[in-house]
Amino acid sequence: MGTFLPLMAEAIAVGTDLTEASEHSGFSLNTNIFDTNLINLAIIITVLLVFGRKVLGTTLKTRRDNIETAIKNAEQRAAQAAQQLKQAQQNLEAAQAEAQRIKQAAQATAQAAGEAILAQAAIDIERLQAAGAADLNADLNKAIAQLQQRVVAQALQKVESELKSGIAQETQTILIDRSIAQLGGEA
């Protein structure tokens, strides 16, 4: 089809040239078939119609097959893309469910850890209070022991000073009797 149009244009140009030539010499009919190129044009048009139809038909059929193949490939890719999208959505849903499960597990673990820390803190507080009370009792006992030692030391000083000054006979007898009574004997 592409070569037919240039040939027709050439034939028209030749015809125009012939018409112009006949105008100069008058009106006459050129009966020379080879000069008018009618046979050549008929042969070319016939060849183009016979072989051009096959070439054009083959070209159009190849083009149609290529388009059909491209459409089928596009449909297959679209189906694959849809399948991949569906799979990706399923994977996303599974990942979101797993993330939710992990989040809940983490919250439960954090709550359990917080409760364990609070329980340990309560135990530590009780232990520190007990240690503080024991230290307080120890300090109290130490203070009482120091006071007792001081009282005994003062009592001994007083007794020594009275002994140096002399004890009356009657006081000595009372002291001895009391000491014997404390030891378990009777006077």
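The following dialogue reads the features of a predicted model.

Colleague: What is the basis of the values, and how are residues numbered?

Modeller: Residues are numbered from 1 along each chain as its sequence is written, and side-chain values use heavy atoms, with hydrogens and water left out. Since the model is predicted, local features need pLDDT of at least 70 and side-chain atom pairs count only at pLDDT 80 or more, while totals for chains, interfaces and linings use all residues.

Colleague: Which element of the chain has the lowest mean pLDDT, and which the highest?

Modeller: pLDDT is the predictor's confidence in each residue, from 0 to 100. The chain averages 82, and 78% of the residues score at least 70. Helix H1 (residues 4-25) has the lowest mean, 62, and H3 the highest, 88.

Colleague: How many helices and strands does the chain contain?

Modeller: Both are DSSP runs numbered from the N terminus: helices are H or I of at least four residues, strands are E of at least two. This chain has four helices and zero strands, giving the pattern α-α-α-α along the sequence.

Colleague: How does the end-to-end distance of helix H4 compare with its expected span?

Modeller: The expected span of a helix is 1.5 Å times one less than its number of residues. For the 15 residues of H4 (residues 169-183) this gives 21 Å, and the end C-alpha atoms are 21 Å apart, in agreement. Just after H4, glycine 184 takes a positive phi of about 115 degrees.

Colleague: How many salt bridges does the structure hold?

Modeller: A salt bridge is a side-chain nitrogen of Lys or Arg within 4 Å of a carboxyl oxygen of Asp or Glu. The structure holds four. One of them joins lysine 61 to aspartate 65, at 3.7 Å from N to O.

Colleague: Why can the side chains of lysine 61 and aspartate 65 meet, given their places in helix H3?

Modeller: An α-helix has 3.6 residues a turn, so residues three or four places apart point the same way. Lysine 61 and aspartate 65 are four residues apart in H3 (residues 38-165), about one helical turn. Glutamate 68 and arginine 64 are likewise four apart in H3, and their side chains meet at 3.2 Å. Aspartate 124 and arginine 127 form a salt bridge at 3.5 Å; they are three residues apart in H3, again about one turn.

Colleague: Are lysine 61 and arginine 64 buried or exposed?

Modeller: Buried means under 20% relative accessible area, exposed over 50%, and partly exposed in between (1.4 Å probe, protein chains only). Lysine 61, at 53%, is exposed, as is arginine 64 at 56%. Their partners are partly exposed: aspartate 65 at 32% and glutamate 68 at 35%. In the remaining pair described above, arginine 127 is exposed at 51%, whereas aspartate 124 is partly exposed at 26%. Buried residues make up 2% of the 187 residues in the chain.

Colleague: Which residues make the nonpolar surface patch?

Modeller: Patches consist of residues with over 30% relative accessible area and no salt bridge; like charges are joined within 9 Å, nonpolar side chains (Val, Leu, Ile, Met, Phe, Trp, Tyr) within 5 Å. Here Ile39, Ile43, Val47, Val50 and Phe51 make a patch of about 420 Å², with areas from the Shrake-Rupley method with a 1.4 Å probe, only the protein chains shown counting as cover for residues. Isoleucine 43 lies in H3 and is partly exposed at 48%.

Colleague: What does UniProt list for residues 38-56?

Modeller: An unreviewed entry lists them as "transmembrane region"; UniProt positions are given in the numbering used here, feature names are shortened, and annotations may be inferred rather than shown by experiment. In the model this span is 100% helix and 0% strand, its end C-alpha atoms 25 Å apart.
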